[in-house]
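Here is a walk through the sheets, helices and charged pairs of one chain. Keep the viewer open while you read.

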Amino acid sequence: MAGGNERIMKALKEVWRRAENSFCADCGKPDPDWASSTLGVFICLSCSGIHRNIPSISKVKSLKLDQWNDAQVQFLAKHGNAVTKATYEAHIPIYYYQPTYSDCQVLREQWIRAKYERKEFTEPGKQLPYSDGVKEGILWKRGRDNGQFLPRKFLLSEREGCLKYFTKQDAKEPKINVKIDVINATFQPVKIGNPNGLQITYLKDNKTRNIFVYHESGKEIVDWFNAIRSVQFHYLKVAFPIASDHEIRNRLTRNFLKEGYMEKTGPKQKEAFKKRWFTLDHRRLMYFKDPLDAFAKGEVFVGSRENGYSVQKGLPSGTQGNFSWHYGLTIVTPDREYLFTCETEADQLDWISAFTSVINQDMTPQEYA
């Protein structure tokens, strides 16, 4: 019996060691140590928990701790991540957001359910709930002034190239009408305090406006997210006809590079440092009094190194403003220096890394404008 188990484990490890199986089939995390004995994919611990919630589709087992039999190992050997992906990911729309292990639970769960439970990507040309160019429904929106979440009707239209929301169900005119090319959407469950929380931002008079929404259904909020990406994709295909699909996909919704609290001082660098919530959205560094504010108190453009921008660890010698956090950093621009302090050294190094990644990128013609 022991010899049989050893033989099975040896065969299991051989399949496990294949290059195709060295990353989680669902989120891409390295070194997965779980597998689905019914789907034939190798997955990470986090994704295995999602699979466990759809037992009619997937039965998961630990590759290290559980017993495997000959038939199960042979099934894994016949399938594996490459073969299974070729079936369940055969026809993913170019605009569909495929989450990674750093993304939130609702995105990863709906991605897994879309693949294996709903089989949304197995057939070419399948009609999907986020692909027909129009979406209408109720989302719970946070009030700008009172902070209460109230139901609001939203309408997304590819034909009109915009997203609207209405304060009343029967309202004729929308409260806002936002062109699709200035919209971003990113999931913010922790900040919003809801697992399905979505932050929608758009530019108004060249300033960023935030809207915070959620839906009780994880599927519905992810469908809204991918519907926005679908409409954006088709709009950009018309606006930039010679751009490749890959180039256009890179211009769709994006996650913020970094968010968190820092302290800042004013332009004279003598004022007391004040705690603010900062969001780095590519070249826009925005700061807010509260993370859920509708408008930023200020924005700083972060250009490229060749245009005179840099980030330095620490504060200039002789800085006079009072600050309670002692891990400083300085953003140098052609016009002035911006001084910030962080609570921990880890925060300081993370912010420096994020700023460096932006500064080291060449600016596009649009960014020059």
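Two strands count as paired when DSSP finds at least two bridges between them. With that in hand, S5 and strand S6 (residues 162-166) qualify, pairing in the antiparallel sense over 5 bridges. Keep in mind that this is a predicted model.

## The sheet from S7 to S8

Strands S5 and S6 belong to an open sheet of 7 strands, ordered S7-S6-S5-S4-S10-S9-S8, with antiparallel pairing. Strand S7 (176-179) and strand S8 (183-187) sit at the edges with a single partner strand each, so one side of each has no neighbour in the sheet. From one strand to the next, the twist averages 35°. If you want a specific register to check, Leu156 has Leu163 in S6 as its bridge partner.

Which helix lies across this sheet? That would be H7, which lies across S4, S5, S6, S8, strand S9 (198-204) and strand S10 (207-214) and runs at about 125° to S4.

## The sheet from S14 to S15

There's another open sheet of 7 strands, with antiparallel pairing and the order S14-S13-S12-S11-S17-S16-S15. Its edge strands are S14 and strand S15 (310-313), each of which pairs on one side only. Ignoring direction, neighbouring strands here are turned by 35° against each other on average. Helix H9 (residues 345-359) lies across strand S11 (258-264), S12, S13, S15, strand S16 (327-332) and strand S17 (337-342), at about 160° to S15.

Zooming in on the pairings, strand S12 (residues 274-281) runs antiparallel to S13 and is joined to it by 5 bridges, with Leu280 partnered by Leu285 in S13. Strand S13 (residues 284-288) is in turn joined to S14 by 4 bridges, again antiparallel, and there Tyr287 has Gly298 as its bridge partner. How do the side chains of strand S14 (residues 298-301) arrange themselves along the strand? They alternate: Gly298 and Val300 point to one face and are buried, whereas Glu299 and Phe301 point to the other and are not. In general, side chains in a regular strand alternate between the two faces of the sheet.

## Helices H3 and H4

Helix H3 (residues 70-78) has two sides worth colouring separately. Gln72, Val73 and Leu76 are buried, and because they cover an arc of only 95° around the axis, they lie on the same side of H3. Ala71, Gln74 and Lys78 are exposed on the other side. In an α-helix, residues three or four places apart point the same way, because there are 3.6 residues a turn. At the start of H3, a side-chain oxygen of Asn69 comes to within 3.2 Å of the backbone nitrogen of Ala71.

After H3 comes Gly80, with a positive phi near 80°. Gly80 is also one of the buried residues of helix H4 (residues 80-88), along with Asn81, Thr84 and Tyr88. These cover an arc of only 115° around the axis, so they share the same side of H4. What do the buried residues of H4 pack against? Their contacts are strand S2 (42-43), H3 and helix H5 (105-117).

## Charged pairs

How many salt bridges does a search of the whole structure find? The count is 18. One of them joins the side chains of Glu220 and Lys135, at 3.1 Å from N to O. This pair links distant parts of the chain, with Glu220 in helix H7 (residues 218-239) and Lys135 in strand S4 (residues 134-142), 85 residues apart. Lys135 has a relative accessible area of 10%, and under 20% counts as buried.

Lys153 and Glu136 form a salt bridge too, their closest N and O atoms lying 3.7 Å apart. Here the link runs between strand S5 (residues 149-157), home of Lys153, and S4, home of Glu136, across 17 residues. Lys153 is also buried, at 15% relative accessibility. For the pair of Glu160 and Arg159, the N to O distance is 3.8 Å; Glu160 is partly exposed at 32%, while Arg159 is exposed at 75%. Finally, Asp26, Lys85, Glu89 and Lys115 are joined in a network of salt bridges.

Conventions
Residues are numbered from 1 along each chain as its sequence is written. This is a predicted model: local features need pLDDT of at least 70, side-chain atom pairs count only at pLDDT 80 or more; totals for chains, interfaces and linings use all residues. Side-chain values use heavy atoms; hydrogens and water are left out. A salt bridge is a side-chain nitrogen of Lys or Arg within 4 Å of a carboxyl oxygen of Asp or Glu. Buried means under 20% relative accessible area, exposed over 50%, partly exposed in between (1.4 Å probe, protein chains only). The arc is that of the directions from the helix axis to the C-beta atoms. A polar contact is a pair of N or O atoms within 3.5 Å; within protein, one must be able to donate a hydrogen and the other to accept it, and residues adjacent in sequence count only if both atoms are side-chain atoms. Axes are lines fitted to C-alpha atoms, for helices over the stretch in contact, and angles run from 0 to 180 degrees between N-to-C directions. Contact means heavy atoms within 4.5 Å.
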